[in-house]
Amino acid sequence: MSEAAAIEVRGLVKRFGKFTAVDGLDFRVERGEIFGLLGPNGSGKTTTVNMISGLSAPTAGSVAILGVDPLRQAQAARRLLGVVPQETALYEELTAERNLLFHAELFGIPARERAGRVSAMLELAQLTDRARSRVGTFSGGMKRRLAIARALLHRPSLVYLDEPTLGVDVQARRVIWDYILAMKAEGRTVLLTTNYLEEGERLCDRMAIIDHGRLVALDTPAALKARFGSSILELELQAPPAADLLAAIGALAGVRELGADGERLRVTLAAAGGGDAPAAAVPRVLAEVSRLGGAVRHLNLREPSLDEVFLGLTGRGLRD
Ligand SMILES: Nc1ncnc2c1ncn2[C@@H]1O[C@H](COP(=O)(O)OP(=O)(O)OP(=O)(O)O)[C@@H](O)[C@H]1O
Ligand SMILES: [Mg+2]
């Protein structure tokens, strides 16, 4: 028998009245990986993780974390899992230190170990100098870091973070990303939800893209982009292109899509076949520009962003 997956979800469904929020999800998260659930607002991410963490009962299907049923073996599941919810639930009237001590007691950490563990976590969250301040006086980013520290206090094997950097500035976001990578380095499994593709791409070993409660794609970030199979050529010309130039570029082998905005062109290049890489079409595009009297001011060839991949997969953007 193979060892239990960190998380195994089978045929998971959640209905609220007639509305189906999660519509038959199947996936398996391996031990030690960072696994992302990505999807637009309302796609069912929080509903899914609530069922994984035993906060809500599935309408149909099953969940197991390290072989444990989070509803029927709630006590065991709680020890395995560290949760950083979307809405950070800290005691605003208590100090950072008191919040952690309270949680340490709740999670059965022996009294003699509590103070040491709490100060180590405050250090990790870079909040040592604010340990005695009331949480109510903290910024959003500081609260987020404290919530992460709290979730790690009892050394869970599996950590789940719901939108870990929502509403956090760029600098604090990087600090949080570093924590998440450190959790993986310590051998923990991390499940996170996000609607920031950059975050998914930086952190996740694999990502499940969900839309309307269904799995649209599940793969590594690199494979998701490769599957899309294209590069984007951005051109800035000296002057807006004439209609004949646009038509000529649009008709070239390897050009999948062409957008124009003033003197800027956005050309989606796809492999034209015969072992031809998307970039092989670049010289053909440039030849047409000079043949028809255009001049290039600036040129950039890049991979599609995951936002563009998502749009290609679902027909809608991540944050409409
Ligand atoms: N308790 C509930 N009762 C009724 N509908 C609910 C309930 N919880 C969630 N929903 C609905 O289920 C859908 C999925 O919600 P969910 O919170 O899982 O989305 P999400 O992907 O986490 O979105 P976000 O990115 O905004 O956090 C939404 O349409 C939401 O309104
Ligand atoms: Mg959510």
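## Reading a predicted model, feature by feature

Modeller: Let's start with a sheet: 4 strands make up an open, antiparallel one, in the order β11-β12-β10-β13. Keep in mind that this is a predicted model.

Colleague: Which strands stand at the edges, and why is one side of each left without a neighbour?

Modeller: The general idea first: strands of a sheet pair through backbone hydrogen bonds, either parallel or antiparallel. Here β11 (255–261) and β13 (296–302) are the edge strands; each has a single partner strand, so one side of each has no neighbour in the sheet. From one strand to the next, the twist averages 15°.

Colleague: How many bridges hold β11 and β12 in register?

Modeller: There are 6 bridges between β11 and strand β12 (residues 264–270), in the antiparallel sense. To find your place on screen, look for Leu258, which stands opposite Val267 in β12.

Colleague: What is the strand order in the sheet that holds β1?

Modeller: That one is an open sheet of 3 strands, ordered β2-β1-β4, with antiparallel pairing. Its edge strands, β2 and β4, each pair on one side only. The twist in this sheet averages 20° from one strand to the next.

Colleague: How many bridges does β1 make with β2, and how many with β4?

Modeller: β1 and β2 run antiparallel and are joined by 8 bridges. Strand β1 (residues 7–16) also pairs with strand β4 (residues 60–65), again antiparallel, over 5 bridges. You can follow the register residue by residue: Leu12 has Leu25 as its bridge partner in β2. On the β4 side, Ile7 is partnered by Ile65, and Glu8 by Ala64.

Colleague: What should I look for in the hairpin of β1 and β2?

Modeller: Check the backbone angles at the turn. The hairpin has 2 residues between the strands, and Gly17 takes a positive phi there, near 60°. You'll find another glycine like that after a helix: α11 is followed by Gly315, with a positive phi near 75°.

Colleague: Since you mention α11, which of its residues are buried, and why do they line one face?

Modeller: For a helix, look down the axis and see where the buried side chains point. In helix α11 (residues 306–314) the buried residues are Leu306, Val309 and Phe310. Viewed that way, they fall within an arc of 100°, so they line one face of α11.

Colleague: What does the same view show for α3?

Modeller: Helix α3 (residues 96–106) has Ala96, Glu97, Asn99, Leu100, His103 and Ala104 as its buried residues. Their arc, seen down the axis of α3, is within 160°, so these residues too line one face of the helix. On the other side of α3, Glu105 and Leu106 are exposed.

Colleague: Is Phe35 buried or exposed?

Modeller: Count neighbours: 20 or more other C-beta atoms within 10 Å makes a residue buried. Phe35 has 22 other C-beta atoms within 10 Å, so Phe35 is buried. You'll find Phe35 in strand β3 (residues 34–38). For a sense of scale, its C-alpha atom is separated by 33 Å from that of Asp129, 94 residues apart along the chain.

Colleague: And what share of the whole chain counts as buried?

Modeller: Of the 320 residues, 36% do. The chain has 11 helices and 13 strands, and its C-alpha trace spans about 80 × 45 × 40 Å along the principal axes.

Colleague: Where do the domains lie along that chain?

Modeller: Domain 1 covers 7–224 and domain 2 covers 230–303. Taken over C-alpha atoms, their centres are separated by 43 Å.

Colleague: Last one, the ligand. How many residues surround ligand 1, and which are closest?

Modeller: With a binding shell, ask who is in it, which elements supply it and what its chemistry is. The shell of ligand 1 has 13 residues, the closest being Phe16, Ala21, Lys45, Thr46 and Thr47. Both β2 (19–29) and α1 (45–52) supply at least two residues each, and α1 gives the most, with 3.

Colleague: How many of the shell residues are nonpolar, polar and charged?

Modeller: The shell around ligand 1 splits into 3 nonpolar, 9 polar and 1 charged residues.

Methods
Residues numbered from 1 in each chain as written. Chains lettered and ligands numbered in written order. Predicted model: local features only at pLDDT ≥ 70, side-chain atom pairs only at ≥ 80, totals over all residues. Near = placed C-beta within 6 Å. Nonpolar A, V, L, I, M, F, W, Y, C, P; charged D, E, K, R; others polar. Buried ≥ 20, exposed ≤ 12 C-beta atoms within 10 Å, placed from the backbone. Arc of directions from axis to C-beta. Pairing = 2+ DSSP bridges. Domains from an automatic or database assignment. Axes fitted to C-alpha atoms, helices over the stretch in contact; angles between N-to-C directions.
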